Structure formats: structure tokens, C-alpha cells
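Student: I'm new to this structure and would like a close look at one part of it. Could you pick a buried spot, walk me through its surroundings, and then show me how it sits in the whole?

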Amino acid sequence: MKRKEYIWILVIACGLAASSLGICTNSVGVFYAAVSEDLGVLRGTFAFHATLSLMTTAVVALWVPWLSKRFPFKPIMIAGILLSAGATALMSVAGSIGMFYVLGVLRGVGVGLYSTVPITMLVNQWFQKKNGTAIGMALSFSGLSGAVCSPVLSGLIATSGWKIAYLVMSGLVLVFSLPALVLPYSMTPGERGLKPYGYEEQPKEQEEKTAAAGNRTFSYMQANFILMCIFTVLLTSIAGITQHFSGYSQSLGLVETFGAALMSCSMIGNICTKLVIGFISDRLGPVKANLIMMGANAASILVLMAGTRAGTTSLLIAAFLFGSVFAVAAVGIPLLTRYFFGNEHYAKAYAVIGFFTSVGSSSSLAVIGYLYDLFGTYQYAFAAAVSFLLINSLLLLAGVALKRTNVRKSS
């Protein structure tokens with residue numbers, strides 16, 4: 001096997017994640033204050049362009065499997081990259097909030113064409129062995145690039161203005177995407193005369209069992225798909241808690257900078273646990289890997305609920321462990337989708353499941369805020385999060401039981 005081919009595929013996936021998620025999604029917040037002030041609009045009004053981008057990305061991702069069957073994979077990626085970079089560059093000359101809304105939608109279309117759905121489709125096709133590690137490594141670059149580039153862009157805004165910063169941001173989109181732009185690759189290794197990494201022939205009897213277990217038949221109404229959609233909404237709604245760490249810190253009577261420290265710890269945890277969940281999945285399977293990560297997340301929330309009684313050091317450790325929710329959302333859910341539906345129906349299933357990822361994460365921000373406004377504490381949001389994790393553990397075990405039942409019926 002040409003091992004370099006697999007290394008380059010992983011490099012391409014890492015670059016796509018860094019560009020689409022790390023830059024175009026995770027770094028947009030640094031522009032809110034400066035641009036809204038110059039345009040004379042509320043921050044929320046300006047931030048709505050990012051909401052439009054996320055909504056558009058989720059909708060476009062639904063069509064990626066359809067597009068990939070009708071057009072070569074690489075041109076789709078190139079179109080998405082150039083559209084995202086172009087829309088970002090044009091934001092440097094946008095003079096009204098309406099223009100930002102239009103450009104936000106265009107950037108969302110571009111990001112949808114080369115973000116999570118196509119990235120995981122690519123990795124699943126090329127890596128049969130070490131699949132979890134490969135997906136975890138690729139998607140960890142979304143947090144890494146965001147953590148590195150956000151301060152750079154923030155500094156540029158302060159020294160050179162937001163218009164220059166948008167041009168640099170556009171350049172970063174292209175730089176991280178460079179491997180996907182210049183290297184030769186395809187959606188499947190078969191198109192390049194190769195087998196997936198670690199490919200092993202299955203005995204015919206095992207192939208028949210796998211097919212009967214549901215990997216060759218798929219319906220949006222089947223029980224496991226519905227369970228996965230519920231699992232996804234509940235899980236991703238927990239992630240919104242990180243955006244309230246500053247308010248949580250203030251509610252404890254701690255200094256404002258401690259809230260920023262909590263956020264930083266959770267982002268470091270975000271990067272580290274994405275690597276860990278893939279490693280665990282390759283050794284223990286995706287179900288156990290997700291259960292372990294959800295257990296770590298539940299433990300972190302219980303420490304956060306204790307507040308200052310736990311001590312500031314414990315709170316920082318808890319914030320780090322809380323980053324495990326992003327590992328489940330970004331890496332665990334794709335691994336579970338592949339486990340339940342196989343490579344053959346992965347794209348069809350994950351396109352919709354990925355849409356529910358956006359539904360859960362976008363809706364939770366406001367809900368958590370309203371819960372605090374209503375009760376004057378974050379305890380109810382924390383309690384709901386622990387409940388969601390417990391429910392999700394039961395849903396996951398139910399999904400496994402359903403899959404095993406199908407296997408037994410096929411025997």
C-alpha cells in the first residue's frame with residue numbers, strides 16, 4: 001500500500017477542519033465588538049450574520065451526499081473553500097448589516113460543502129483501521145486552529161482594523177485548505193486503485209450478518225436513526241454551557257478573568273478529548289468511548305454545581321473535563337453513526353444527524369440564559385445537562401440492544 005496516500009488524506013482532513021470549523025466558525029466572534037461599533041448596530045444584530053452562516057451550513061450539509069454522488073469530490077471541496085474565502089474577503093468592504101447577512105449566507109454555503117459531513121465521509125472511506133483516531137485527529141484541528149488564530153485576528157483588529165483582519169482571515173482559510181486545493185485525492189481509495197487503510201476481507205457469512213443488521217437498508221423512520229437524532233439534540237445542547245462560563249464565574253462572586261480561564265480550560269479539553277475519544281474508540285469501540293466521555297462530562301458538571309465549595313483549582317479541572325462534550329459532539333456522534341449505519345449509509349444518515357447538531361447547539365444558548373434569568377442560578381441548567389447525559393446513556397444502550405436483536409434475527 002502507498003502509505004503516503006493515507007498520510008496526505010489525513011493532512012487534507014486536518015486542513016479542511018482547521019479552515020471550515022476553526023477559522024470560519026470558531027473565530028468569527030472576535031469581530032463582533034469592532035464591526036458592530038463601526039456599523040452603529042447592536043452586537044446581537046451583527047452576530048446574527050454568524051447565526052445565518054451556521055443555519056445555512058447545516059442545510060447545505062444535507063445535500064453533500066447527493067452532490068458527492070453526482071460530481072467529483074475534489075471540485076466540491078474547491079468550490080466550498082473558494083466561496084468561503086471569497087465571502088470572508090468581501091466582508092472587508094461590506095458597509096451595511098444587510099451586506100454582512102448576505103455574505104454570511106454565502107460563507108455558510110461554502111463551509112457546508114467542506115466541513116464536518118464531507119470530512120468524516122472522506123476519513124470513513126479511507127480508514128477502516130484507526131478510524132476513530134483519524135477522525136479525532138482531524139477534528140481536533142478545528143479547536144487548535146481556532147485557539148491559535150482567534151488571538152491573532154483579535155490583535156490585528158486592535159492594531160490594523162477589522163477590514164484588514166477579514167482579509168487575513170480569508171487568507172488563513174486558503175492556507176489551511178492548501179492541501180485540499182493542490183494535492184490529488186478522491187472520495188474513495190478505490191478511485192485511486194487502493195484499499196482503505198487496514199482493509200480486511202470479511203468472511204461471506206459475516207457480510208450477510210452485517211447486511212441483515214441494517215447496514216444495507218436504511219430508513220429515516222427506523223428506531224436507531226430516531227434515537228441518534230434525539231441523542232444528538234440532547235448532547236449538543238449541553239455544549240452551550242461553555243458560553244456562559246463568564247456569567248457563571250460572576251454568579252459565584254469570582255473575578256471576571258476566572259470566567260475566561262474556565263473557557264480556556266474547556267477549549268484545551270476540547271482539543272485533547274477529541275484525540276482521546278478516537279484512541280479509546282479504536283480499542284474499546286465507539287459505544288464504550290462515548291459512554292466514558294459522557295461520564296467524564298457528567299463528573300465535571302457535578303463539580304461545577306458544587307461551585308466555590310469545590311475550590312477554584314477543581315473548577316478549572318472540571319472546565320477542562322467539560323470539553324469532553326465537544327469530543328462526543330464532533331467525533332463521538334460520527335463514530336456512532338458509522339457503527340449503527342455502516343459506511344454505505346453513513347453520508348445519508350449523518351447529513352441529517354449533523355443538522356440536529358446545529359439545532360441543539362444553537363438553541364441551547366438562549367435557553368440556558370433564560371433559565372438563569374428565571375431562577376437566578378445556573379444550577380437548573382447544570383441539572384438538566386446531567387439528566388440529558390443519563391438519558392443519552394440509556395438511548396445509546398437501547399440502540400446497541402436493537403442492533404444486536406437484528407443480528408440475532410439474521411442468524
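Tutor: Let's start with one serine and then step outwards.

A quick word on the source: this is a predicted model, where local features need pLDDT of at least 70 and side-chain atom pairs count only at pLDDT 80 or more, while totals for chains, interfaces and linings use all residues. Residues are numbered from 1 along each chain as its sequence is written, and side-chain values use heavy atoms, with hydrogens and water left out.

Our spot is serine 84, which sits in helix α5, residues 73–90 (helices, H or I, of at least four residues, and strands, E, of at least two, are DSSP runs numbered from the N terminus). Its relative accessibility is 0%, so serine 84 counts as buried (buried means under 20% relative accessible area, exposed over 50%, and partly exposed in between, with a 1.4 Å probe and protein chains only).

What does the side chain of serine 84 reach at 2.9 Å? That partner is the backbone oxygen of glycine 80. A polar atom of the serine 84 side chain also lies 3.1 Å from the backbone nitrogen of valine 111. Both are polar contacts (pairs of N or O atoms within 3.5 Å; within protein, one must be able to donate a hydrogen and the other to accept it, and residues adjacent in sequence count only if both atoms are side-chain atoms). Once neighbours within four places in sequence are set aside, serine 84 is in contact with Cys24, Arg107, Gly110, Val111, Tyr114 and Val173 (contact means heavy atoms within 4.5 Å).

For another buried serine, look at serine 237 in helix α12, residues 223–238. Its relative accessible area is 15%, so serine 237 is buried. Not counting residues up to four places away in sequence, serine 237 touches Gly360, Ser361, Ser364, Ile368 and Phe388.

Now for a charged pair. The structure holds one salt bridge (a side-chain nitrogen of Lys or Arg within 4 Å of a carboxyl oxygen of Asp or Glu). In it, the side chains of arginine 192 and glutamate 5 meet at 3.2 Å, N to O. This pair links distant parts of the chain, 187 residues apart: glutamate 5 is in helix α1 (residues 3–23), and arginine 192 is in the loop between α10 (178–182) and α11 (204–215). Glutamate 5 is buried, at 16% relative accessible area, whereas arginine 192 is partly exposed, at 31%.

On the surface, Val59, Leu62, Trp63, Trp66 and Phe71 form a nonpolar patch with about 500 Å² of accessible area together. Patches are made of residues with over 30% relative accessible area and no salt bridge, with like charges joined within 9 Å and nonpolar side chains (Val, Leu, Ile, Met, Phe, Trp, Tyr) within 5 Å. Accessible areas come from the Shrake-Rupley method with a 1.4 Å probe; for residues, only the protein chains shown count as cover. One member, tryptophan 66, is found in helix α4, residues 64–70, and is partly exposed at 40%.

Finally, the whole: the protein chain has 18 helices and zero strands. Buried residues make up 50% of its 411 residues. Among contacts with a separation of 6 or more, 81% are between residues 24 or more positions apart. The C-alpha atoms fill a box of roughly 65 × 50 × 35 Å, taken along the principal axes.
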